[in-house]
Amino acid sequence: MIRINGRTTIGKPDKLFGVSALAKARIAEIGKENVINSTLGVLLDDNGKLVVLSSVMEALRELAPEEFAAYAPIIGIPEYKEAVTKAVFLDEIPQDIFIETCYAPGGTGSLRNAISCYSSPKDKILTSDWHWAPYNVIAAELGREVVTYTLFDEDYHFNDASFRASLSEILAVQDQAVVIINTPAHNPTGYTFTLEDWDKVLDIFKSFPNKNIVCVVDIAYLDFAGDAHEYRAFLKKLTGLPHHILPLIAFSASKGFTMYGMRCGALLCMAPTAELAKEFKDATSVASRASWSNGNHSAMAVISKIFADDTLLAKVTEERNHYMKNLQERGRAFMEEAGKIGLQCCPYDSGFFITVPCDNAEEVGKALQALNVFAIPLGPGIRVSVASNTIAECRAIPGKLQQAITQINGK
Ligand code: PLP
């Protein structure tokens with residue numbers, strides 16, 4: 001009786017959890033020390049345990065009962081707006097734009113509201129060929145479709161020509177386009193848009209003055225990318241833009257505050273006019289009401305407390321930086337070994353994942369499993385999660401991957 005509508009994956013096994021289950025089964029068979037499970041999209045410590053920031057959990061334990069139990073306003077508790085704004089911009093909150101925020105259950109919810117509020121049924125949503133797969137299901141569920149441009153050119157630089165061509169195709173038939181850019185520390189490649197890439201993107205947007213462009217920046221991995229100010233420098237470029245360009249920021253507390261399961265995020269608008277900001281607030285309130293209604297009060301309260309208390313914020317930042325350094329070492333270890341053996345990787349800068357492009361990725365993934373390494377075949381490549389592997393494992397994976405690619409593709 002089910003209506004399929006845009007849900008093209010109904011009945012299909014979830015690839016990620018499928019490979020992860022195979023890894024667990026192999027571990028049960030031959031022991032944890034003989035298997036590398038590189039499937040999970042969460043940060044694990046060197047003993048394979050989920051990293052949970054204790055400073056965040058302490059703040060959670062100190063909440064009053066009403067902060068758990070009471071309904072929160074649909075848009076979010078008032079303190080949360082301030083907290084999200086600080087989380088996004090730190091101490092450099094732009095003064096020349098109109099900022100509004102709307103709570104969402106994670107980055108997922110914020111992306112859902114961005115697509116729901118700023119596109120129409122049947123519209124095409126633009127993102128890169130390498131992308132986080134749930135963009136597709138979110139769009140399809142809403143009756144929209146994700147189309148892609150080629151993220152990298154032959155030299156593995158941002159392919160602005162492809163970006164321009166794809167956007168132009170969409171705008172030939174739509175008067176408005178939603179564009180999703182996942183940076184910094186892109187999932188699945190670890191690429192970070194440079195400031196020059198941003199200049200190109202914005203010049204392209206400016207070249208369509210008679211169309212509206214809503215640029216959703218998915219910053220899910222921002223807080224694990226590197227220097228907090230350096231990795232936020234691009235935000236300054238998103239102010240003072242022509243009024244046909246609306247930047248939206250999809251904020252998530254899942255990674256940066258290790259609150260994955262608490263479902264906490266927000267959509268933030270950097271509106272050039274008060275009218276656009278009001279429209280954002282009104283529309284996202286209705287979209288939220290119609291999907292999850294009120295948000296997770298306790299999660300919002302924790303984030304609000306962290307950003308209202310400099311000592312607590314410093315504690316959270318220090319604790320996170322410790323794990324970020326470890327993550328950076330893992331990424332470096334992988335890339336060093338890949339470099340030594342000439343294994344071509346997508347241009348990794350930072351973050352949880354590294355992707356190795358290859359033909360016949362599904363078969364390569366299976367050959368890799370036979371070598372007791374479990375990673376996710378994604379389109380034309382294999383995604384490795386350095387976030388869930390030790391440095392030693394990160395050093396071991398490139399050689400195994402090379403072996404699997406040679407076995408399947410003969411080169
Ligand atoms: N965007 C990207 C690229 C992601 O990888 C994720 C999570 O894995 C999200 C957004 C949203 O995460 P959440 O809804 O848990 O905040």
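The axes of helix 7 (residues 160–173) and helix 8 (residues 195–206) come within 10 Å and cross at roughly 25°. An angle under 35 degrees counts as roughly parallel, so helix 7 is roughly parallel to helix 8. Their crossing is right-handed. All of this is read from a predicted model.

**Three helix pairs**

Which residues bring helix 7 and helix 8 together? Helix 7 offers D160, F163, R164 and L167, and these meet K200, V201 and I204 of helix 8. Sorted by class, this contact has 4 nonpolar and 3 charged residues, with no polar ones.

Next come helix 10 (residues 297–308) and helix 11. Their axes come within 5 Å and cross at roughly 105°. Angles of 65 to 115 degrees count as roughly perpendicular, so helix 10 is roughly perpendicular to helix 11. K305, I306 and F307 make the contact from helix 10, while L312, L313 and V316 make it from helix 11. The class count here is 5 nonpolar, 1 charged and no polar residues.

The third pair is helix 12 (residues 361–370) and helix 13 (residues 391–409). Here the axes come within 8 Å, and the crossing angle is roughly 125°. Is helix 12 parallel or oblique to helix 13? That angle makes helix 12 oblique to helix 13. The crossing of these two helices is right-handed. On the helix 12 side, the contact is made by E363, V364, A367 and L368. On the helix 13 side, K400, L401, A404, I405, Q407 and I408 take part. This contact divides into 7 nonpolar, 1 polar and 2 charged residues.

The table sets out the geometry of the pairs.

| Helix pair | Axes come within | Crossing angle |
|---|---|---|
| helix 7 and helix 8 | 10 Å | roughly 25° |
| helix 10 and helix 11 | 5 Å | roughly 105° |
| helix 12 and helix 13 | 8 Å | roughly 125° |

**Two domains**

Now step back to the whole chain. The domain assignment gives domain 1 as 15–53 + 314–406, and domain 2 as 56–310. Domain 1 is therefore written as two stretches, and domain 2 as one, because the bounds follow a domain assignment. The centres of the two domains, taken over C-alpha atoms, are separated by 27 Å.

How many residues does each domain give to the contact? Domain 1 gives 23 residues and domain 2 gives 26 residues. On the domain 1 side, two elements give two or more residues: helix 11 (310–341) and strand 9 (353–357). Helix 11 supplies the largest share of that side, with 6 residues. By class, the side of domain 1 that touches domain 2 has 15 nonpolar, 5 polar and 3 charged residues. Helix 11 thus appears twice in this report: it gives residues to the domain contact, and its L312, L313 and V316 meet helix 10.

**Around the ligand**

The model also holds a ligand. Which residues come nearest to the ligand? Of the 13 residues around the ligand, the nearest are G106, G107, T108, S252 and S254. Helix 5 (residues 106–118) gives the most to this shell, with 3 residues. What classes make up the shell? It has 9 polar, 3 nonpolar and 1 charged residues.

**Backbone details in the loops**

Some single residues deserve a look too. Start with the loop between strand 5 (176–182) and helix 8. P184 is found in this loop. The peptide bond from T183 to P184 is cis, with omega near -5°. P188 has its place in the loop between strand 5 and helix 8 as well. A cis peptide bond joins N187 and P188, and its omega is about 20°. Helix 8, which follows in the name of that loop, is the helix that K200, V201 and I204 belong to in the contact with helix 7.

Another loop runs between helix 5 and strand 3 (124–128), and K122 lies there. Phi of K122 is near 80°. This is a positive value in a residue other than glycine. Helix 5, at one end of that loop, is also the element that gives the most residues to the shell around the ligand.

Notes: Residues are numbered from 1 along each chain as its sequence is written. This is a predicted model: local features need pLDDT of at least 70, side-chain atom pairs count only at pLDDT 80 or more; totals for chains, interfaces and linings use all residues. A residue is near a molecule or strand if its C-beta atom, placed from the backbone, lies within 6 Å of it. Helices (H or I, at least four residues) and strands (E, at least two) are DSSP runs, numbered from the N terminus. Ala, Val, Leu, Ile, Met, Phe, Trp, Tyr, Cys and Pro count as nonpolar, Asp, Glu, Lys and Arg as charged, and the others, Gly among them, as polar. Axes are lines fitted to C-alpha atoms, for helices over the stretch in contact, and angles run from 0 to 180 degrees between N-to-C directions. Angles under 35 degrees count as roughly parallel, over 145 as roughly antiparallel, 65 to 115 as roughly perpendicular and the rest as oblique. A crossing is left-handed if the near helix is turned anticlockwise from the far one by less than a right angle, and right-handed if clockwise. Two residues are in contact if their C-beta atoms, placed from the backbone, lie within 7 Å.
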